[in-house]
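Hi everyone, thanks for making time for this one. I'd like to walk you through a single structure, so have a look at it first and then we'll go through it together.

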Amino acid sequence: FSFFARMFIQVCLYFYCKCLWRCLKFVVRKLTGQCELQRICYNTKPGAARTMKIEASLKGSKSKRLQTSVNVHPDAIEKTIDDIMELKRINPDINPQLGVSLQACLLQIVGYRNLIAEVEKLRREPYDSENPQHEEMLLKLWKCLKPNSPLKARISKQWCEIGFQGDDPKTDFRGMGLLGLYNLVYFAEWDTEIAQQVLSDSLHPKYSQLSKAEYEKKKFDKAIGYSFAIVGINITDLAYNLLVSGALKTHFYNVAPEAPTLTHFQQTFCYLMHEFHKFWIDEDPLDIMEFNRVREKFYKRILKQLQNPEMALCPHFAASESLINM
């Protein structure tokens, strides 16, 4: 009985608040002479705060046309804005900036949805050793990370040197498909120096923080490292979850002036790899069995950062120079 009573009260509160909110919006529009979309665009600076408010306003509208405007094809955005202006009885000649602001917001909203679809497609595509393009990307990963150590054979224990589990990396891509390989290659190709350093540090992370004398003085039993490639695939999974959950909207809406792209996602992966490596060192785990604990703690920290509407996960190294300059 108490359960149904609580449910009844919650339903009543929901409808009461919904009706009250609509009445409040009506009164504010009459007082200001502006609809909610106008107030958001004119009173909120460009970025995540504005785009997320516009997105919430459109999705929460009682008009079906406004609700579906966040799901249109990118080519239909201009027509959609004209429809919104007409529906809201806004004169575009008197409010030219409104159309520009709405277009920027819709490009980001629609672009984020399309990015999820693109990332999901890569994640679902398995690595195929019979596909020359897949093999070429895998060999490029080795060349970028180990330029001075030629790969002796395609099936080789050498792959363990860059953090794969066995002598054939294709089995390690099962969880994230081609997406894991795409991210690792992007990191290794566009941030080669940093990627090589992270790989080296992952083998001896404690040593990398100390001089040789200090390291020997402390008499560590072992340096707790991790498998670079496997962790890269794992961090790809973390980035993927942040994306599909909507948590990365804050970041992308702040750094992408229009539609976020796969490159933005890969740059975010570079940032996460870089930050996770530092986080792993700082956590000083007892052994590799603590990986899941450290990863979960890192994930929660990133989530907390993304709750700030001003947040942009900008890594300060080569892969994100174009992102930072936007």
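Let me start with a small puzzle: is Ile194 buried, partly exposed or exposed? At 25% relative accessibility, Ile194 counts as partly exposed, because buried would mean under 20%. Ile194 sits in helix H9, and its C-alpha is 10.0 Å from the C-alpha of Leu145, with the two positions 49 residues apart in sequence.

Before going further, please keep in mind that this is a predicted model.

Now the overall picture. The protein chain has 16 helices and zero strands. Of its 326 residues, 46% are buried. If you take contacts between residues at least 6 apart in sequence, 66% of them join residues at least 24 apart.

On to the inside. The largest nonpolar core has 85 residues, and Ile54, Leu141, Leu181, Leu242, Phe265 and Leu272 are the ones with the most contacts inside it. Domain 1 (34-123) and domain 2 (130-307) both contribute residues to this core, so it lies between them.

Let's zoom in on one of those residues, Leu181. What does Leu181 touch, once we leave aside its neighbours within four places in sequence? The list is Tyr127, His134, Met137, Leu138, Leu141 and Phe173. Leu141, you may remember, is also on the list of residues with the most contacts inside the core.

His134 deserves a look from its own side. This residue is found in helix H7, and with a relative accessible area of 5% His134 is buried, because the limit for that is under 20%. Not counting residues up to four places away in sequence, His134 is in contact with Glu125, Pro126, Tyr127, Asp128, Leu178 and Leu181. Tyr127 therefore turns up as a contact of Leu181 as well as of His134.

Next, helix H8, which covers residues 177-190. From first C-alpha to last, H8 reaches 21 Å over its 14 residues, close to the 20 Å expected at 1.5 Å a residue. How many residues of H8 are buried? The count is 11 of the 14, so H8 is largely enclosed by the rest of the structure. Among those buried residues are Gly177, Gly180, Leu181, Asn183 and Phe187. And what covers them? The cover includes helices H6 (96-124), H7 (132-145), H9 (192-203), H12 (228-244) and H14 (262-283).

Helix H2 (residues 36-43) is another mostly covered one, with six of its eight residues buried. Those six are Glu36, Leu37, Gln38, Arg39, Ile40 and Cys41.

From H6, I picked out Gly111. At 6% relative accessibility, Gly111 counts as buried. Apart from residues up to four places away in sequence, Gly111 touches Leu106, Ala259 and Pro260. There is also a long-range relation here: the C-alpha atoms of Gly111 and Tyr253 are 10.0 Å apart, although 142 residues separate them along the chain.

Let's finish with the aromatics. A pair of aromatic rings is described by the distance of the centres and the angle of the planes. There are 16 aromatic pairs in this model. One of them is Tyr186 with Trp190, a tilted pair at 6.2 Å centre to centre and 35° between the planes. Both residues lie in H8, four residues apart, which is about one turn of the helix. Which of the two is buried and which is exposed? Tyr186 counts as buried at 10% relative accessibility, whereas Trp190 is exposed, with a relative accessible area of 51%.

Compare that with Trp280 and Phe291, which also form a tilted pair, at 6.0 Å centre to centre and 45° between the planes. Trp280 lies in H14 and Phe291 in H15 (residues 291-306), so this pair ties together parts that are 11 residues apart in sequence. Here both residues are buried. Both also belong to a cluster linked by ring pairs, together with Tyr226, Phe276, Phe279 and Phe298.

One last ring before I stop: Lys249 lies over the face of Tyr112, at 5.7 Å from the ring centre.

That's my tour, and I'm happy to go back to any part of it.

How values were computed:
Residues numbered from 1 in each chain as written. Predicted model: local features only at pLDDT ≥ 70, side-chain atom pairs only at ≥ 80, totals over all residues. Heavy atoms only, no water. Core = buried A, V, L, I, M, F, W, Y, C linked by side-chain atoms within 4.5 Å. Buried < 20%, exposed > 50% of the residue type's maximum accessible area, 1.4 Å probe, protein only. Domains from an automatic or database assignment. Contact = heavy atoms within 4.5 Å. Helix = DSSP H or I, 4+ residues; strand = E, 2+ residues; numbered from the N terminus. Expected span 1.5 Å × (residues − 1). Phe/Tyr/Trp six-rings, centres within 6.5 Å; stacked < 30°, edge-to-face > 60°. Lys NZ or Arg CZ within 6 Å of the ring centre and 35° of its normal.
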